[in-house]
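The following exercises are to be worked through with the sequence and the structure at hand. Each task is followed by a solution in steps.

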Amino acid sequence: MQGGGPARELKAERRLVFQEQREGVQHDRSWKDQGNEQAGFLESGKNSSRKGVRTKSSEKAASDDHSVPVARDEVREGCPPLGLETLKITDFQLHASTSKRYGLGAHRGRLNIQAGINENDFYDGAWCAGRNDLHQWIEVDARRLTKFTGVITQGRNSLWLSDWVTSYKVMVSNDSHTWVTVKNGSGDMIFEGNSEKEIPVLNELPVPMVARYIRINPRSWFDNGSICMRMEILGCPLPDPNNYYHRRNEMTTTDNLDFKHHNYKEMRQLMKVVNEMCPNITRIYNIGKSHQGLKLYAVEISDHPGEHEVGEPEFHYMAGAHGNEVLGRELMLLLLQFLCQEYLAGNPRIVHLVEETRIHILPSLNPDGYEKAYEGGSELGGWSLGRWTHDGIDINNNFPDLNTLLWEAEDRQNLPRKVPNHYIAIPEWFLSENATVAVETRAVIAWMEKIPFVLGGNLQGGELVVAYPYDMVRSLWKTQEHSPTPDDHVFRWLAYSYASTHRLMTDARRRVCHTEDFQKEDGTVNGASWHTVAGSLNDFSYLHTNCFELSIYVGCDKYPHESELPEEWENNRESLIVFMEQVHRGIKGMVRDAHGKGIPNAIISVEGVNHDIRTASDGDYWRLLNPGEYVVTAKAEGFTSSTKNCMVGYDMGATRCDFTLSKTNLARIREIMEKFGKQPVSLPARRLKLRGRKRRQRGGRANT
């Protein structure tokens, strides 16, 4: 459906229908309440990210007459992390007795922190004491009275060294001078630590301790290693009547959404609730199944769900390619609720977005991996539990490497070009059943080939940056190299549109997540200049389809505690909407023949940009471009090409740039001859026939 009088009237009529629906919506009911009413499967205790793992310390406490054991339900509903992993606890709140060097200082003693490639002086993978003795400690200043309930520890993140603490004491203080050691009966309690360096170990305090400071004192460590640890503290800040220690940047949300972690069944139910609240603008479908047979559900949001409207661009978000990067998945579920809610409320910005865009949201691309991570919980899964598919494949770099095919063709300049600069075919070996390709990867490829996506974002975790292609270096001997696409300026703008509207990505004062400082490019990075990846989703999407795809890393903590979800939603909400709106930048239009019929698969070329796109099955196209004047050519097999000047302005909304192509003379001749049941004759073949006939005639005369 194109813009115009009848279309506008229909959209206005549909808005009246939705206005009537809005009057019947009870806004005081939460999403969770509605989901519970429809399916009574939401079990008590599921709201917590920690699963109530029975740890060694709680077992010890339970066997001691003088201790107060922590019940399983209390563990589930216990205090959240203070925020060492999420960086809510600043470097200034972490102190240690000694450190080996700056890169192994107390500020590096954060749960799941990753070391740099070189494990150098600045970015190493833990706090490591300067000496190996019983007088070493690391402490956290909560800056307000806090009810401490537990400690989670890891060893040092290192490719080469094995360092971890095997037991420790816990002490608390109100002034950092007088310390009280946590007791186990009459004696100091010794908590059992780690047995290797990556798996987190939770120890609950036998009774909660109220104080401002908490200190960890290692008592033993791995025989061949050093005192090194990463940690997270569990605690509930107590009410502060003076508001003295209240965080200056503490964020709350007014959106009435379901802020919790959803397992597969709960995710499906939430989608149903959204669909039933907004039936006229949503549709649930699946793009395939996971290795374990879980359906890969997507939700379409559009004023005509289920159909491609001519002239309306298609956009997608997907998340959860790495099953343990959970924040992206929950942001997608929150976005679904928000779009439905705001559409019903008549928010003009959201109404316009939904009516002018066909939006697809795929929250969980790797549900098998997510279920593994969900069982571990937000603090106990480590850095990689659930990252891969059930059969051990990393979906993010499981796509065909089309970069090499393109670059090899460009390097062979003297030979006839067999590889185009777009729509590069997937190699035969990749399509074979024996290829190491995840079923989830094949499902995404089929989805992207079926729907003419213009722009897409895949949400990931563990960092705070937007990465744009290429993700693969062009030089064979390098692992990092700036590798721009022909559309580099467009990709830079798209990345910046998300990063600049995020609450933290472009904040020069914020601490780096692990080792990389992305502030020099305002929270964005060229993927290959960060680390090279062959067969990435972003590169494949750019070279095989029309879609411009970017990777959006939404947080340092891959799997934040659900108490963090409201703030993470506020951090990302505006960015998620702004990025979707960018699908309306550049030029769009129709490529038709002389009879007004759309020409599918026509090539749209922009002068000076060595990357083309193609029209969809109805002949409509969208070409993302930054503001400026462009010389654009449309061409199709059997038609003469047409060239126009198209101006892209700064205002939101793509510039209309239509083309009408006439058939070539040869195409007309073929069409006429096919109409009368004759095949067009090749001219060189016809000449040869005539020459042969003349020779035979001459030979006949000579014989007479």
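**Exercise 1.** In this predicted model, determine where S176 lies and whether S176 is buried, partly exposed or exposed.

*Solution.*
Step 1. S176 belongs to the loop that runs between β4 (165-173) and β5 (180-181).
Step 2. The relative accessibility of S176 is 24%. Buried requires a value under 20% and exposed a value over 50%, so S176 counts as partly exposed.
Step 3. The backbone of S176 has a phi near 70°, which is a positive value in a residue other than glycine. Most residues other than glycine have a negative phi.

**Exercise 2.** Carry out the analysis for L87: state the sign of phi, the location and whether the residue is buried or exposed.

*Solution.*
Step 1. Phi of L87 is positive, at about 75°, although L87 is not a glycine.
Step 2. L87 is placed in the loop between α4 (72-76) and β1 (94-96).
Step 3. The relative accessibility of L87 is 19%. The limit for buried is under 20%, and L87 therefore counts as buried.

**Exercise 3.** Identify whether the peptide bond from P469 to Y470 is cis or trans, and locate Y470.

*Solution.*
Step 1. Omega of the bond from P469 to Y470 is near 5°, and the bond is cis.
Step 2. Most peptide bonds are trans.
Step 3. Y470 lies in the loop between β16 (463-468) and α12 (488-499).

**Exercise 4.** Describe the surroundings of two residues of strand β9, R212 and W221.

*Solution.*
Step 1. Strand β9 covers residues 201-221 and contains R212. W221 is also found in β9.
Step 2. R212 has a relative accessibility of 18% and therefore counts as buried.
Step 3. The side chain of R212 is joined to that of D141 by a polar contact of 2.7 Å.
Step 4. W221 and W164 are 57 residues apart along the chain, and their C-alpha atoms are separated by 5.8 Å.
Step 5. Leaving aside neighbours within four places in sequence, the residues in contact with W221 include N132, D133, L134 and W164.

**Exercise 5.** Characterise helix α5 and determine how α5 is oriented relative to helix α6.

*Solution.*
Step 1. Helix α5 comprises residues 264-277, 14 residues in number, and reaches 20 Å from its first C-alpha to its last, close to the 20 Å expected at 1.5 Å a residue.
Step 2. The N-terminal end of α5 is capped by N263, with a side-chain oxygen 3.3 Å from the backbone nitrogen of K265.
Step 3. Buried residues of α5 include Y264, E266, Q269 and V273.
Step 4. The axes of α5 and α6 (residues 326-344) come within 10 Å and cross at roughly 15°. Angles under 35 degrees count as roughly parallel, so α5 and α6 are roughly parallel to each other.
Step 5. Y264, M267, L270, M271, V274 and M277 of α5 make the contact with R329, L333, L336, Q337, C340 and L344 of α6.
Step 6. The crossing of α5 and α6 is left-handed.

**Exercise 6.** Determine how helix α7 packs on α15, and describe the environment of S575.

*Solution.*
Step 1. At the start of α7, a side-chain oxygen of N347 comes to within 3.1 Å of the backbone nitrogen of R349.
Step 2. The buried residues of α7 are I350, V351, L353, V354, E355 and E356.
Step 3. Helix α7 (residues 348-356) packs against α15 at an angle of about 40°, with the axes 11 Å apart. That angle makes α7 oblique to α15.
Step 4. In this packing, R349, I350 and L353 of α7 meet E574, I577, V578, M580 and E581 of α15. The crossing is left-handed.
Step 5. S575 is found in α15, which covers residues 565-581. With a relative accessible area of 0%, S575 is buried.
Step 6. Not counting residues up to four places away in sequence, S575 touches Y317, Y498, T501 and H502.

**Exercise 7.** Summarise the protein as a whole: how many helices and strands are there, and what share of the residues is buried?

*Solution.*
Step 1. The protein has 17 helices and 26 strands.
Step 2. Of its 704 residues, 55% are buried.
Step 3. Among contacts between residues at least 6 apart in sequence, 76% join residues at least 24 apart.

Methods: Residues are numbered from 1 along each chain as its sequence is written. This is a predicted model: local features need pLDDT of at least 70, side-chain atom pairs count only at pLDDT 80 or more; totals for chains, interfaces and linings use all residues. Side-chain values use heavy atoms; hydrogens and water are left out. Helices (H or I, at least four residues) and strands (E, at least two) are DSSP runs, numbered from the N terminus. Buried means under 20% relative accessible area, exposed over 50%, partly exposed in between (1.4 Å probe, protein chains only). Contact means heavy atoms within 4.5 Å. The expected span of a helix is 1.5 Å times one less than its number of residues. A polar contact is a pair of N or O atoms within 3.5 Å; within protein, one must be able to donate a hydrogen and the other to accept it, and residues adjacent in sequence count only if both atoms are side-chain atoms. Axes are lines fitted to C-alpha atoms, for helices over the stretch in contact, and angles run from 0 to 180 degrees between N-to-C directions. Angles under 35 degrees count as roughly parallel, over 145 as roughly antiparallel, 65 to 115 as roughly perpendicular and the rest as oblique. A crossing is left-handed if the near helix is turned anticlockwise from the far one by less than a right angle, and right-handed if clockwise.
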